[in-house]
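Work through the exercises below with the model open. Try each task before reading its solution.

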Amino acid sequence: MTSPGENLRINGDRLWESLMDMAKIGPGIAGGNNRQTLTDSDKEGRELFQRWCEDAGLSMGVDKMGTMFMTRAGTDPDALPVYIGSHLDTQPTGGKYDGVLGVLAGLEVVRSMNDLGIKTRHPIVVTNWTNEEGARFAPAMLASGVFAGVHTMDYAYNRKDMDGKLFGDELKRIGWVGEEEVGARKMHAYFEYHIEQGPILEAEKKQIGVVTHCQGLWWLEFTLTGKEAHTGSTPMTMRVNAGLAMARIMEMVQAVAMGEQPGAVAGVGQVKFSPNSRNVLPGTAVFTVDMRTPSQEKLDRMRATIEAKAAEICSELGVGCSVEAVGHFDPVTFDPTLVGRVRSAAEKLGYSHMNIISGAGHDACWAAKVAPSTMIMCPCVGGLSHNEAEEISMEWAAAGCDVLFHAVVETAEIVE
């Protein structure tokens, strides 16, 4: 199978300029981005991406989840496409690179192929998946989950944000309900390029992360029901305190994860008290426990232990407890052939590299259920992500995009 010569590189300056231009849409307050899914800023970012893709000769398809598929034709009309995907939506206090790097690197691969006159037998499709982050509408990786048959479209359309707005209504409001049936497309292969979102590559001084696996995950949303009462006049022995139960559960979650070391993490990142007044004990506390590990055995055991111990804590305090699983995927092993191509590309190009397990969930986790898939990672400063201070270097971005370019073009098969 023919691959591009080792002297061929993408245009790193152009990739960086695209990243900086996209970052102007939905700016945060501290140098990052707040371009949450299905907001007006998301709409504006989609429109910019569409213009860039059409300028590069790509044709657009959009499915009923709003996912954008931008296609560069291949020479064989019967050959299945090679997909490059990630997401343009961000966290409320997100960085400029999480997800965005993968989408715009896919565009840069196509632009570089155009510059170099490279034709491939397989089409190449650059993909922007809707609602990868899950910050506004849980669960994360929602559109790719529907694509892979993990969720129904009805389930997705009825997800609510913290203000009670429905995913389906907001998708329609911004004008991005497509006509394609979700999941109808077939893939020859799927690649995703992403910042590591952790400190390992930088600490090991490696330019490229060759992603072999992705951790499994459970998001468990707890709703604890106590009794609203005045914090100053209710005796300590007569309280039914949902907040206290939550605090004890959070401490327990920490202990459970520490008991499963190495290779397991868990914590709480989102909390909602009601009525959320400084002098009223909360009547309800809603929070999500996020647990992850690449071991299926540990993942199953952590969930069972946390649920059982939470029930005990709430029973002791007289607090009601209900649990809903709002996000899940099993540990993923990426396709060995594609992983090998990524590693070979890094070696051919002279980039330092190492095997790595993704600590975060990505659309590639669901794509792996329907097609051979893999990921490439680049370092990020201090391992910081989901933070406006998230940072990478132009050189890191370009190196990973070079590897993506070579692996994708090899998989799509160059036509001489």
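**Exercise 1. Describe the stretch from residue 215 to residue 314: how much is helix, how much is strand, and how far apart are its ends?**

Solution. Over residues 215-314 the chain is 36% helix and 34% strand. The C-alpha atoms at the two ends lie 29 Å apart. Helices (H or I, at least four residues) and strands (E, at least two) are DSSP runs, numbered from the N terminus. Next, the record: UniProt lists residues 215-314 as "domain: Peptidase M20 dimerisation", in an unreviewed entry. UniProt positions follow the numbering used here, feature names are shortened, and annotations may be inferred rather than shown by experiment.

Ground rules for every exercise: this is a predicted model, in which local features need pLDDT of at least 70, side-chain atom pairs count only at pLDDT 80 or more, and totals for chains, interfaces and linings use all residues. Residues are numbered from 1 along each chain as its sequence is written, and side-chain values use heavy atoms, with hydrogens and water left out.

**Exercise 2. Find the overall dimensions of the protein and compare its radius of gyration with that of a compact globule.**

Solution. Start with the elements: there are twelve helices and 15 strands. The C-alpha trace spans about 80 × 45 × 40 Å along its principal axes. Now apply the globule rule, 2.2 Å times the number of residues to the power 0.38, with the radius of gyration taken over C-alpha atoms. For 416 residues, a compact globule would have a radius near 22 Å; the protein has 22 Å, so the two agree.

**Exercise 3. How do helix H1 and helix H12 cross, and which residues make the contact?**

Solution. Locate H1 at residues 12-23 and H12 at residues 394-412. Their axes come within 9 Å and cross at roughly 115°. Axes are lines fitted to C-alpha atoms, for helices over the stretch in contact, and angles run from 0 to 180 degrees between N-to-C directions. H1 is therefore roughly perpendicular to H12. The classes: under 35 degrees is roughly parallel, over 145 roughly antiparallel, 65 to 115 roughly perpendicular, and the rest oblique. The crossing of H1 and H12 is right-handed. A crossing is left-handed if the near helix is turned anticlockwise from the far one by less than a right angle, and right-handed if clockwise.

Now list the contact (heavy atoms within 4.5 Å). H1 supplies Gly-12, Asp-13, Leu-15 and Trp-16; H12 supplies Met-394, Ala-397, Ala-398 and Cys-401. Sorted by class, that gives six nonpolar, one polar and one charged residues. Ala, Val, Leu, Ile, Met, Phe, Trp, Tyr, Cys and Pro count as nonpolar, Asp, Glu, Lys and Arg as charged, and the others, Gly among them, as polar.

**Exercise 4. Repeat the analysis for H10 with H12 and for H2 with H3.**

Solution. Take H10 (residues 336-349) and H12. They pack at an angle of about 125°, with axes 9 Å apart. H10 and H12 are therefore oblique to each other. Their crossing is right-handed. The contact includes Leu-338, Arg-341 and Val-342 of H10 and Asp-402, Val-403 and His-406 of H12. In full, the contact of H10 with H12 has seven nonpolar, two polar and four charged residues.

Now H2 (residues 40-55) and H3 (residues 100-116). Their angle is about 15°, with axes 10 Å apart. H2 and H3 are therefore roughly parallel. H2 passes H3 in a left-handed crossing. Phe-49, Trp-52 and Cys-53 of H2 meet Val-103, Leu-104, Leu-107 and Arg-111 of H3. The class count for H2 with H3 is six nonpolar, no polar and one charged.

**Exercise 5. Locate the residues that UniProt lists under "binding site".**

Solution. One listing, from an unreviewed entry, gives His-87, Asp-98 and His-194. These are spread over 108 residues of sequence, yet they cluster in space, with a largest C-alpha distance of 9.8 Å. Another listing, also unreviewed, gives Asp-98, Glu-133 and His-386. They span 289 residues, but no two of their C-alpha atoms are more than 9.7 Å apart, so they gather at one spot. Now place two residues. His-87 is in the loop between strand S3 (82-86) and H3. Asp-98 is in the loop between S3 and H3.

**Exercise 6. Which peptide bonds next to Pro-262 and Pro-275 are cis?**

Solution. Gln-261 and Pro-262 are joined by a cis bond, with omega about -5°. Pro-262 lies in the loop between helix H8 (242-258) and strand S9 (265-274). Ser-274 and Pro-275 are also joined by a cis bond, with omega about 10°. Pro-275 lies in the loop between S9 and strand S10 (280-281).
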